[in-house]
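Work through the exercises below with the sequence and the 3D view open. Each task is followed by a solution in steps.

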Amino acid sequence: MALDKNQIELDLKSALSEIANTKNFDSLKQVKIDHLGDKSPLARANQSLGSLDAKDRSDFGKFIGDARSQVNEAFRKKTEELESERDVQVLQTERVDVTLAKPRTLEGGLHPLTILTNEISDLFIGLGYNVAEGPELESEWLNFDALNIPADHPARSMQDTFFIEPLEAKLVLRTHTSPVQIRTMLTQKPPIYVICPGKTYRADELDATHTPVFHQVEGLVVDENITMADLKGTLDYFAKSIFGNDVKTRLRPSFFPFTEPSAEVDIFFNGRWIEWGGCGMVNEKVLIACGVDVKKFSGFAFGMGLERTLMVKHGITDMHDIVEGDVRFSQSFGVGKK
Ligand code: PHE
């Protein structure tokens, strides 16, 4: 290829003017291929220097080299220019207004029953108790027989208990948390200090004061020299922690197959006596069934409904509020805060 300075100048001009007219990175890329790439006119001119004699080679070499460095320089400047334009644009389009209010979403939180369960667990752990749990699907033997509830006891009838098919499997949805007492005594040696909070089931219709799925907390102590005075003192402390220091408790004689003597525990709260739960000294028959040496040990047990506790404490008049999960109800207990 014959070299011609006029042609080289034309190539230089068209390269510079195309670079000058470039408005974005895409066309800059094309310009780079067209005017700086291996196949660009100036690169080709450079490649043909080898066929010239020494004098022309140095003359054209300088001329082409000068043209190419002008194109390189123009390209470098253009790149810088486009980059700073882009930076300004990014700053504008991606600007964040830190003063804008963020969209507020409700945070999840604990159900009031869970809060109460945690409160009760904490307070008994503070007294040295352990928290014990057991299955909700329970054997009939643990839910009834071991607790001295004979086969003809009304609590076993179809009315109260959810029996699970096949009936020969002798499984029920536990009607109270008392089977956890049995499980604990069968697996641990006294001294035993446990509470068992959990879900319980009875075949009741959901209404203002009943729910077929509810919660209880059961307490069990087996140790040497345990008396009803220990039971009363424990219930007093428990009641005061939940209902406040002004609350009073009283024991009213009652009957449970698994305790002897048995009592209802009432609390005096907001100006009236209210039944709170059941309690008593663990029946020797139950202790013996669990292999406890009754010459050495005695025990007490108590059990409360947690829905009832919550209703009394907060003046809730409709059970539906507790079970239906309407967040407006839960919010008033500080859902999201605790
Ligand atoms: N398990 C009894 C109930 O469900 C409550 C209770 C527990 C009573 C422990 C006495 C002792 O009604």
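**Exercise 1. The buried face of a helix**

Task: State which residues of α8 are buried, and explain why they line one face of the helix.

Solution. The model is a predicted one.

Step 1. Leu231, Thr234, Leu235, Phe238, Ala239, Ile242 and Phe243 are the buried residues of α8.

Step 2. Looking down the axis of α8, these buried residues fall within an arc of 135 degrees, so they line one face of the helix.

Step 3. For the length, α8 has 16 residues and reaches 22 Å from its first C-alpha to its last, close to the 22 Å expected at 1.5 Å a residue.

**Exercise 2. Two sides of α2**

Task: Find which residues of α2 are buried and which on the other side are exposed.

Solution.

Step 1. Helix α2 covers residues 25-36, twelve residues in total. From first to last C-alpha, α2 reaches 15 Å, close to the 16 Å expected at 1.5 Å a residue.

Step 2. In α2, Leu28, Val31 and His35 are buried. They cover an arc of only 55 degrees around the axis, which puts them on the same side of α2.

Step 3. Asp26, Lys29 and Ile33 are exposed on the other side of α2.

Step 4. The cover over the buried residues of α2 includes α1 (5-21) and α4 (54-93).

**Exercise 3. Residues with a positive phi**

Task: For Asn148, state the phi angle, the place in the chain and the exposure class. Do likewise for Asn270.

Solution.

Step 1. Asn148 is not a glycine, although its phi is positive, about 65 degrees. Asn148 sits in the loop between α6 (140-143) and β3.

Step 2. The relative accessibility of Asn148 is 23%, so this residue counts as partly exposed; the partly exposed class lies between 20% and 50%.

Step 3. Asn270 also is not a glycine and has a positive phi, about 50 degrees. The loop between β8 and β9 holds Asn270.

Step 4. Asn270 has 66% relative accessibility and therefore counts as exposed, a class that needs over 50%.

Step 5. A further positive phi, about 65 degrees, is taken by Gly315 just after α10.

**Exercise 4. Cis peptide bonds**

Task: Which residue does a cis peptide bond join to Pro166, and which to Pro261? Where does each proline lie?

Solution.

Step 1. Glu165 and Pro166 are joined by a cis peptide bond with an omega of about -5 degrees. Pro166 is in the loop between β3 (163-164) and β4 (171-173).

Step 2. Glu260 and Pro261 are likewise joined by a cis peptide bond, with omega about -5 degrees. Pro261 lies in strand β8.

**Exercise 5. Two loop residues and their contacts**

Task: Which residues are in contact with Thr227 and with Pro257, leaving aside neighbours within four places in sequence?

Solution.

Step 1. Thr227 is in the loop between β6 and α8 (228-243). With a relative accessible area of 38%, Thr227 is partly exposed.

Step 2. Beyond the neighbours set aside, Thr227 is in contact with Met281 and Phe300. Thr227 and Ser298 are 71 residues apart along the chain, and their C-alpha atoms are separated by 7.6 Å.

Step 3. Pro257 is in the loop between β7 and β8. Its relative accessible area is 8%, so Pro257 is buried.

Step 4. With the same neighbours left aside, the contacts of Pro257 are Leu147, Asn148, Ile149, His153 and Asn283.

Step 5. Pro257 and Lys23 are 234 residues apart in sequence, and the distance between their C-alpha atoms is 92 Å.

**Exercise 6. The largest pocket**

Task: How much space lies in the largest pocket, and which element gives the largest share of its lining?

Solution.

Step 1. The largest pocket holds about 1200 Å³ of space. It is lined by 46 residues, and the closest to its centre are Arg202, Phe214, Gln216, Gly305 and Arg308.

Step 2. Elements that give two or more residues to this lining are β6 (213-223), β7 (248-256), β8 (259-269), β9 (272-282), β10 (298-305) and α10 (306-314).

Step 3. The largest share, seven residues, comes from β9.

Step 4. Sorted by class, the lining has 19 nonpolar, 18 polar and nine charged residues.

Notes
Residues are numbered from 1 along each chain as its sequence is written. This is a predicted model: local features need pLDDT of at least 70, side-chain atom pairs count only at pLDDT 80 or more; totals for chains, interfaces and linings use all residues. Side-chain values use heavy atoms; hydrogens and water are left out. On a 1 Å grid over the protein atoms alone, a cavity is a set of points where a 1.4 Å probe fits but cannot get out, and a pocket is an open set with protein on both sides within 12 Å along at least five of seven lines; lining residues have an atom within 4 Å of a point. Grid points are joined across faces, edges and corners, and a volume is the space filled by probe spheres set on the points. Helices (H or I, at least four residues) and strands (E, at least two) are DSSP runs, numbered from the N terminus. Ala, Val, Leu, Ile, Met, Phe, Trp, Tyr, Cys and Pro count as nonpolar, Asp, Glu, Lys and Arg as charged, and the others, Gly among them, as polar. The expected span of a helix is 1.5 Å times one less than its number of residues. Buried means under 20% relative accessible area, exposed over 50%, partly exposed in between (1.4 Å probe, protein chains only). The arc is that of the directions from the helix axis to the C-beta atoms. Contact means heavy atoms within 4.5 Å.
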